Amino acid sequence: MSKDIHPTMDPTKMGLGRSIAVLTSGGDAQGMNAAVRATVRVGLYTGAKVYFVHEGYQGLVDGGDNIRLATWESVSMMLQLGGTVIGSARCKDFRCREGRMTAARNLVKLGITNLCVIGGDGSLTGANEFRTEWSGLLADLVKAGKITGEEAKKSSHLNIVGMVGSIDNDFCGTDMTIGTDSALHRIIEVVDAITTTAQSHQRTFILEVMGRHCGYLALVTALACGADWVFIPEMPPDEGWEDHLCRRLTNQRARGSRLNVIIVAEGAMSRDGKPITSEQIKKLVTERLGFDTRTTVLGHVQRGGTPSAFDRILGSRMGVEAVMALLEATPETPACVVSLSGNQAVRLPLMECVQVTKDVTAAMAEGRFEDAIKLRGKSFENNWNTYKLLAHINPPDVKSNINVAIMNIGAPCAGMNAAVRSAVRMGIIQGHTMLAVHDGFDGLAHGQIEPIVWTAVSGWTGKGGSMLGTKRTLPGKMLEEISQNIAKFNIHALVIIGGFEAYVGGLELVQAREKYEEMCIPMVVIPATVSNNVPGSDFSIGADTALNTITSTCDRIKQSAAGTKRRVFIVETMGGYCGYLATMAGMAAGADAAYIFEEKFSIRDLEANVEHLLEKMKTTVKRGLILRNENSNANYTTDFVFNLYSEEGKGIFDCRKNVLGHMQQGGTPTPFDRNFGTKMGAKSVLWLSEKLKECYRHGRIFANTPDSACVLGMKKRALTFQPLADLKGDTDFEHRIPKTQWWLKIRPIMKILAKYNIKLDTSEHTDMEHVIKKRSPLGK
């Protein structure tokens with residue numbers, strides 16, 4: 001969050017006497033409504049007046065009814081809607097000075113000097129130009145007698161903050177623009193549907209995805225579905241790609257694959273700058289190989305539908321940060337965009353971002369393709385490198401004589417299989433023999449171990465659950481048998497993919513190194529659990545899929561009350577003692593409260609929540625949603641909370657309760673979990689290969705240092721390896737959670753958006769950063 005320039009100032013009074021206008025411009029994107037909702041509600045929370053500008057810049061120019069005061073209730077029930085409720089339009093008038101002059105007059109008359117723009121790079125550049133010209137426009141308006149000198153003095157300076165809303169993810173400096181994740185959801189739904197029909201008929205499918213001049217959607221889709229080839233504008237294929245493509249497709253069929261998938265970005269081109277179209281590729285494949293080939297152009301489906309949980313949270317967090325940035329701005333502050341880097345909210349100078357975005361286009365035009373990929377940012381570069389490694393390299397002829405075993409531990413979750421697939425393939429590329437261990441530590445103790453080959457894992461990215469089989473059993477009581485099997489199967493390194501048990505199990509193996517020399521091998525733990533409770537990582541594989549399941553279920557539950565009115569739903573989520581799912585789903589679904597173990601609550605808190613709902617029922621919003629983590633309190637159970645609300649709400653509202661249960665662990669993985677799992681699996685094996693070189697002594701492998709057994713996790717902005725032993729101090733073993741959890745800091749946002757008058761902690765300052773030095777997540 002952000003710190004006010006007057007540290008003592010009350011955040012609920014920061015906006016007194018100020019007016020903020022919010023508009024959406026350019027192409028629509030899912031999640032824009034979440035950003036609008038947060039901007040309005042946080043603006044009102046700070047005491048400011050907030051205005052909607054309908055129909056983008058056109059509404060700013062036309063004025064009148066297009067600029068309207070927003071109220072708390074006016075943004076209710078818009079969180080789950082795609083597109084933008086306040087409308088967007090391409091505007092010619094705003095491009096000329098007269099148009100901007102009219103827009104300035106409309107704002108001055110209403111006393112609006114803070115503008116929040118949600119749109120793409122064009123919209124944001126326009127906003128910056130408007131700000132730069134502001135004093136000139138005002139001077140001309142005074143001259144023309146359109147505004148008074150007094151009015152001009154009151155509105156002498158215009159503050160601008162941008163949020164990037166674009167499904168293309170083509171704005172440099174931001175990891176994810178609002179709408180990108182939802183667009184990937186739409187694409188992956190289609191890819192999953194198409195693969196089933198393609199397999200039935202042994203077909204080749206060519207999918208064309210959006211993205212204008214940016215290949216992000218195409219690249220991530222290719223990673224997430226294990227495509228055979230991807231065409232992106234940033235890196236056109238080498239000369240003679242036609243032969244290479246045909247050879248690759250033939251090889252895949254020869255390996256027993258029943259389908260081929262080729263992803264094409266709409267801006268794809270060849271080295272000489274000519275467009276590469278899906279029709280052209282279809283013609284090539286059909287004529288050269290005689291394969292039954294179909295093309296699908298996804299089009300505007302990608303812009304539509306309900307926003308994903310990530311986009312709702314992203315939009316909400318950006319909205320809060322945008323209001324703070326506006327209210328803290330001084331005439332000297334450059335116009336900024338608010339963005340996420342890893343899970344950190346950041347502010348970046350708008351024009352620096354625009355410049356780097358233009359640099360990418362220039363690099364592509366000049367044929368400097370390596371530069372184009374670098375300028376897109378660390379995240380894009382990592383995606384490209386991972387894709388290249390997993391898709392385009394044939395296994396080496398020389399074997400390394402290294403055996404790497406892979407296992408799943410704990411409860412199954414979506415995305416585990418993606419991690420197994422990329423680890424297996426990366427190992428094979430490195431020349432290792434990969435061994436699959438079935439049923440966790442049990443399988444390791446009982447010898448359920450077998451080699452796993454390249455083709456055995458094809459199609460695994462999109463499969464939910466655990467294909468290897470998984471169990472919660474810990475290794476402590478089976479160390480003798482495990483050490484014998486490590487020796488028998490000559491295992492040189494171990495990849496453990498799972499939840500809290502994977503971490504504890506890894507720790508037990510490390511502690512057993514003193515007694516069993518066989519355990520002295522490099523090990524890596526990859527966090528994979530819906531609960532997101534593994535120390536050493538801000539995110540775990542599977543949590544995003546579970547979060548989306550909970551969010552879409554809450555949407556349906558809320559909708560069911562549309563006719564009945566005055567109904568409160570109590571929904572119980574999973575997570576063990578970790579409140580991540582309840583908190584994040586609370587933000588994504590617009591809950592009134594989320595009870596979690598980490599934030600203690602008493603009967604007085606429960607009473608206050610009931611009072612709050614009783615007040616809410618007096619407004620036009622006649623619905624309530626309460627989330628409760630399964631282990632948040634041993635005495636205040638879901639039944640207790642339900643009974644309390646039912647009794648206290650008698651005559652005002654009635655209650656219903658839902659326990660979501662195991663549906664949260666199932667389902668096909670989301671694009672994020674597929675991509676995250678793929679990167680984690682690949683990175684873990686590359687790290688093990690390096691460790692094995694370090695630990696090779698006197699003709700054998702011997703690893704007994706703490707840093708030879710690590711958790712691979714995402715911390716703030718990068719993927720990092722942390723020794724299992726070092727993380728013990730930060731772990732609450734009794735409740736199976738890390739002692740410090742980053743997401744607790746964003747809980748106040750959920751409460752403010754639910755109209756609780758709490759104090760927002762503004763002590764953590766979000767300084768303006770510079771794009772050029774920026775690092776990015778899922779990175780390195």
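Just after helix H19, Gly590 adopts a positive phi of about 70°. Helices (H or I, at least four residues) and strands (E, at least two) are DSSP runs, numbered from the N terminus. The structure is a predicted model, in which local features need pLDDT of at least 70 and side-chain atom pairs count only at pLDDT 80 or more, while totals for chains, interfaces and linings use all residues. Residues are numbered from 1 along each chain as its sequence is written, and side-chain values use heavy atoms, with hydrogens and water left out.

The helix that precedes Gly590 is a suitable place to begin. In H19 (residues 580–589), 10 of the 10 residues are buried, so this helix is largely enclosed by the rest of the structure. Here buried means under 20% relative accessible area, exposed means over 50%, and partly exposed lies in between (1.4 Å probe, protein chains only). Among the buried residues of H19 are Tyr580, Leu581, Thr583, Met584 and Met587. The buried residues of H19 pack against H10, helix H18 (543–559), strand E18 (567–573), strand E19 (593–595), strand E20 (623–629) and helix H23 (747–753).

Strand E20 contains Asn629. With 0% relative accessibility, Asn629 counts as buried. Leaving aside residues up to four places away in sequence, Asn629 touches Thr573, Met574, Gly575, Gly576, Tyr577, Cys578, Gly579, Ala582, Tyr595, Ile596 and Phe597; contact means heavy atoms within 4.5 Å. Of these, Ala582 is also listed among the buried residues of H19. Asn629 and Thr306 are 323 residues apart along the chain, and their C-alpha atoms are separated by 25 Å.

Helix H10, one of the elements against which H19 packs, also meets helix H1. H1 (residues 32–45) and H10 (residues 309–328) pack at an angle of about 35°, and their axes are 7 Å apart. Axes are lines fitted to C-alpha atoms, for helices over the stretch in contact, and angles run from 0 to 180 degrees between N-to-C directions. The crossing of H1 past H10 is right-handed; a crossing is left-handed if the near helix is turned anticlockwise from the far one by less than a right angle, and right-handed if clockwise. On the H1 side the contact includes Ala34, Ala35, Ala38 and Val42, which meet H10 residues including Gly315, Gly319, Val320 and Val323. By class, this contact of H1 with H10 has seven nonpolar, five polar and three charged residues. Ala, Val, Leu, Ile, Met, Phe, Trp, Tyr, Cys and Pro count as nonpolar, Asp, Glu, Lys and Arg as charged, and the others, Gly among them, as polar.

Two further helix pairs may be set beside this one. The axes of H3 (residues 97–110) and H4 (residues 121–143) come within 9 Å and cross at roughly 80°. That crossing makes H3 roughly perpendicular to H4, where angles under 35 degrees count as roughly parallel, over 145 as roughly antiparallel, 65 to 115 as roughly perpendicular and the rest as oblique. Residues of the contact of H3 with H4 divide into 10 nonpolar, one polar and six charged. H8 (residues 241–254) and H9 (residues 278–289) pack at an angle of about 60°, with axes 11 Å apart. Their crossing is right-handed. The contact of H8 with H9 comprises eight nonpolar, two polar and three charged residues.

Several loop residues complete the picture. Arg303 is located in the loop between strand E9 (293–297) and H10, and is buried with a relative accessible area of 18%. Arg303 touches Gly27, Asp28, Gln30, Ile167 and Met210, not counting residues up to four places away in sequence. Met210 lies 93 residues from Arg303 in sequence and 9.2 Å from it in space, C-alpha to C-alpha. Asn169, in the loop between strand E5 (159–164) and helix H6 (180–201), has a positive phi near 55° although it is not a glycine. Asn169 counts as buried, at 7% relative accessibility. Gln202, in the loop between H6 and strand E6 (204–209), likewise is not a glycine and has a positive phi of about 55°, but is partly exposed at 38% relative accessible area.

Finally, confidence varies along the chain. The mean pLDDT is 92, and 96% of residues reach 70 or more; pLDDT is the predictor's confidence in each residue, from 0 to 100. It stays under 50 over residues 1–7 and over residues 773–780. Where pLDDT is low, the predicted coordinates should not be read in detail.
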